[in-house]
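The following note sets out points for a colleague who wishes to examine this model at the level of individual side chains. Please read the points with the sequence and the structure at hand.

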Amino acid sequence: MKLTLWIVSLCLFCCNVTGQSALDPTKKQTSALKIEEGITIDGILDEASWLNLAPATELTQIEPHPGKKATQRTEIKILYDNSGLYVGAVLYDSQPDSILQQLSQRDELGNTDWFGVFIDAYRDGINGVSFIITPAEVQFDAKYSAFGEDESWDAVWEAKTQITSEGWVIEMKIPFAAIRFPDVNEQTWHINFGRMIGRGQEKSFWSYVNPQVNGFLNQAGYLKGIEDIKSPFRLQATPFLAVYGEQYSDKNSEPSKSYGRSFNGGMDIKYGISDAFTLDMTLIPDFGETRSDNQVLNLSPFEVRFDENRQFFTEGIELFNKGGLFYSRRIGGQPLNYYDVSSQLSESEEIIDNPQQVQLFNATKISGRTNGGLGIGFFNATAGETNARIRDTELDVVRQVQTNPLTNYNVFVLDQNLKNNSYITLINTTVMRDGGEYDANVTGTVFELRNKANSYELSGRATLSQKYFADHSDLGHSYNLSLRKTSGNLNWGTNFNVESDKYDINDLGFLFNNNERSINGFIEYNMYQPFWKFNRAGIGMWTGYSQLYKPAVYTDYGIELWSWAQSKTFWNFNIWAFIRPFPTHDYFEPRTAGRYLKRPTKNSVGFWTRSDSRKRFFASLNGNIHNHGEPGRTRYNWSFRPTFRVNDKLSFTYSLWNGLYYNEIGFVDFYSNTETGDDEPIMGRRDQVIVENNFNTAYSFNANMALTFRLRHYWTKVEYDAFHSLNDDGTLGTTDYNLNNNTSFNAFNIDMIYRWRFAPGSDIFIIWKNSIFNFENELDPPYLSDFNYFNNMDGLFDAPQTNSLSFKIVYFLDYSSIAARRATLREK
């Protein structure tokens with residue numbers, strides 16, 4: 001608690017330190033002109049206001065020739081009124097018939113030219129937004145933070161384009177409701193304009209973005225001239241209605257098919273609490289349009305981390321992600337005691353229903369930033385009680401077993417911008433569960449300090465985790481300190497990290513493992529100017545040493561070398577090598593406290609290459625080999641990913657990944673020691689084959705309508721050759737354990753989604769999903785030896801499968817737009 005109060009006091013003290021940098025007289029400046037007349041967004045700059053304004057010009061390349069003048073002229077003008085910012089741009093092109101304009105979904109930039117506006121209204125050099133448009137009028141918008149670019153952020157704005165005999169023209173309106181800006185009479189923003197000329201992969205910016213300087217928004221120029229504007233009243237709602245139909249089929253059950261249907265309605269609400277702070281809320285959310293997870297067979301001692309695909313949890317959460325303490329998949333995820341149900345069965349009972357996800361009732365975010373650069377974020381979500389149903393087959397009685405209690409999740413963040421694009425952050429997460437289950441609390445602080453030249457960076461983190469049980473509490477801690485050189489051709493860095501043996505953030509965060517103390521460092525040299533046959537290239541080296549926190553014993557040491565390059569024909573290459581010169585002591589694989597598996601030395605090499613992505617057909621190839629220091633103990637991985645663009649509307653992508661792991665050593669089971677009565681870990685020597693196929697196709701009818709199809713099939717088989725006990729020195733011993741643990745696993749998914757954005761912020765979805773999960777245990781060795789990917793496919797579709805078809809409509813309502821239309825009608 002003392003640590004928390006100290007951090008809060010420090011952050012509040014920092015509130016008096018503005019995050020806005022002083023104006024740099026060497027930076028470019030442009031001005032916006034206030035207008036009274038209306039602007040029609042049609043891609044034609046024919047209003048008088050456009051004609052009476054001097055343009056911003058002279059873009060500078062960042063690729064492929066950093067620092068050189070852009071090969072094509074660009075003219076940019078900015079207007080504004082009380083409702084928003086207007087950007088008009090003329091992008092001259094000596095070859096207008098060669099302007100690339102591939103259609104794609106919103107927030108996906110394919111093989112296309114584009115023009116973008118990048119705004120950092122608080123001028124902190126860290127946080128900002130971008131609005132990008134292509135000649136085919138595909139919109140791309142993103143939010144920037146210390147984590148980089150977040151393309152899941154979506155705003156409602158307008159843009160139209162026209163291709164002419166001299167190039168192409170853009171007319172854009174960015175409502176002030178889409179931008180957070182300081183509450184001052186005279187605004188001075190960081191702004192930059194970017195342009196991509198696809199045929200030459202030429203990327204240029206109005207204010208030069210030097211690749212040797214760390215950061216992007218901090219290299220923007222200034223926009224002046226905006227005065228006396230107020231953030232509009234921001235109240236937006238997106239109600240939705242979803243209808244589902246589902247079929248479950250299993251040839252081995254009676255009946256072989258069953259059907260279900262459901263209706264769901266809810267709403268997302270966005271409310272501007274003030275000029276700078278916004279409340280986002282989702283009520284009875286529905287995430288039916290999200291992509292299916294990439295399920296795998298997990299033989300490791302660590303949890304599989306799945307991507308977050310739900311829009312509410314990907315959009316505008318950059319504040320909550322600081323410190324790495326928030327993993328949103330915990331919310332509405334797997335029940336806390338999902339795997340404990342089977343242990344509560346009597347001999348006559350069976351599980352008839354054990355939900356894999358809890359019901360999320362609501363979630364709320366409040367976030368924003370004050371004029372002094374203090375970001376404040378509050379997140380709250382509530383998930384309902386979840387129960388498994390168990391039937392007594394003899395008495396024909398059904399009872400319920402609670403797998404997850406009513407649970408409340410909270411995240412609180414204070415993030416103070418400091419000078420030189422630096423910051424300090426306080427994060428607190430809390431999980432409170434109803435009833436007798438434990439509660440959890442995590443508090444941490446993160447800081448990043450840079451010098452004025454933005455060439456050196458000192459960063460750190462300190463975190464305290466607490467779990468509250470009925471009779472005791474577990475207290476853990478972690479801290480990290482890092483020093484890096486971040487600008488120039490030659491960069492280097494070193495990092496020291498500690499995680500105690502009781503450090504646990506996994507109730508609302510994600511941590512593969514704790515109980516670690518490590519130190520590592522890297523050095524790299526990058527060349528950004530073209531030379532010989534390359535546009536740019538780089539080399540680097542990393543080395544790291546780790547040990548347990550408790551007891552303080554050695555676990556691992558490794559060295560990695562790498563090199564990368566892009567040729568002048570826009571082929572990309574990467575090669576790397578990893579060396580582990582000493583055996584490692586793996587304390588996690590045995591799943592037993594104090595025991596470790598001694599792994600041999602390791603040498604690995606790998607490569608990745610991709611052909612010119614401007615071509616209609618291009619492909620990437622990846623491969624690596626891992627030799628584990630013993631004859632026949634080797635890993636091979638390779639993948640191939642070709643893409644074919646039929647035209648600007650239709651494209652196909654296929655990827656194949658294959659893994660061959662020979663004589664792998666890993667945990668299998670626990671075996672009771674007859675002498676001591678203890679459960680001893682059993683290790684197995686196994687061969688594993690993994691094949692993963694992905695097929696994706698997309699057809700874009702226009703910039704607002706698309707049909708996408710994704711098929712993924714993951715298959716693996718595991719065959720055990722021998723079993724061993726584990727000696728105290730980490731070596732393998734003998735055992736009479738001989739149970740059949742051979743396994744085959746299939747995960748097959750189809751996601752087919754039709755999306756039509758029929759009005760700003762409003763969508764219609766039609767979604768078909770198919771899923772098959774087939775897990776086979778105790779496969780006989782004679783059968784398994786002849787069992788391969790192709791004869792596995794013969795029986796794949798005989799396995800139980802689920803098909804669902806859904807229709808969802810989302811409609812965007814904006815109070816300001818409705819009020820303006822009503823006012824216009826009254827005037828008429």
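Which residues make the nonpolar surface patch of about 500 Å²?

1. Surface patch. In this predicted model, the patch is made by Leu-490, Ile-523, Tyr-525, Ile-539, Met-541 and Leu-561. Strand 29 (516-527) and strand 30 (534-547) each supply at least two of its residues. Leu-490, another member of the patch, is placed in strand 28 (residues 490-499). The relative accessible area of Leu-490 is 38%, so this residue is classed as partly exposed.

2. Confidence. The average pLDDT of the protein is 92, and 96% of the residues score at least 70. Residues 1-18 require caution, since their pLDDT stays under 50. For this segment the model has 26 contacts beyond four places in sequence. Where pLDDT is low, the predicted coordinates should not be read in detail.

3. Salt bridge to strand 30. The count of salt bridges comes to 39. In one of them, the side chains of Glu-63 and Arg-536 meet with an N to O distance of 3.6 Å. Glu-63 belongs to strand 3 (residues 60-63) and Arg-536 to strand 30, so the pair ties together parts that are 473 residues apart in sequence. The partners differ in exposure class: Glu-63 has a relative accessible area of 23% and is partly exposed, whereas Arg-536, at 16%, is buried. The cut-off for buried is under 20%.

4. Salt bridge between a strand and a loop. Arg-195 forms a salt bridge with Asp-93, and their closest N and O atoms are 4.0 Å apart. Arg-195 lies in strand 12 (residues 186-197), while Asp-93 is found in the loop between strand 5 (84-92) and strand 6 (114-120); the pair therefore ties together parts that are 102 residues apart in sequence. Arg-195 counts as buried at 1% relative accessibility, and Asp-93 is buried with a relative accessible area of 4%.

5. Salt bridge between strands 40 and 41. Arg-710 and Asp-751 also meet through their side chains in a salt bridge, at 3.6 Å from N to O. This pair links distant parts of the chain, with Arg-710 in strand 40 (residues 705-725) and Asp-751 in strand 41 (residues 743-759), 41 residues apart. Both partners, Arg-710 and Asp-751, are buried.

6. Charged network. Which residues are linked in a network of salt bridges? The network consists of Glu-448, Arg-450, Glu-457 and Arg-484.

7. Aromatic pair. The structure holds 49 aromatic pairs. In the pair of Tyr-438 and Phe-469, the ring centres are 5.0 Å apart and the planes stand at 35 degrees, so the arrangement is tilted. A stacked pair would need planes under 30 degrees apart, and an edge-to-face pair over 60. Tyr-438 is in the loop between strand 24 (422-433) and strand 25 (439-450), and Phe-469 is in the loop between strand 26 (456-468) and strand 27 (473-485), so the contact between the rings ties together parts that are 31 residues apart in sequence. Tyr-438 counts as buried at 14% relative accessibility, but Phe-469, at 30%, counts as partly exposed.

8. Aromatic cluster. Which residues form one aromatic cluster? The cluster is formed by Phe-287, Phe-312, Phe-313, Phe-320, Phe-326 and Phe-379.

Definitions and conventions: Residues numbered from 1 in each chain as written. Predicted model: local features only at pLDDT ≥ 70, side-chain atom pairs only at ≥ 80, totals over all residues. Heavy atoms only, no water. pLDDT = per-residue confidence, 0-100. Contact = heavy atoms within 4.5 Å. Patch = residues over 30% accessible without salt bridge, like charges linked within 9 Å, V, L, I, M, F, W, Y side chains within 5 Å. Areas by Shrake-Rupley, 256 points an atom, 1.4 Å probe, with all protein chains shown as cover. Helix = DSSP H or I, 4+ residues; strand = E, 2+ residues; numbered from the N terminus. Buried < 20%, exposed > 50% of the residue type's maximum accessible area, 1.4 Å probe, protein only. Phe/Tyr/Trp six-rings, centres within 6.5 Å; stacked < 30°, edge-to-face > 60°.
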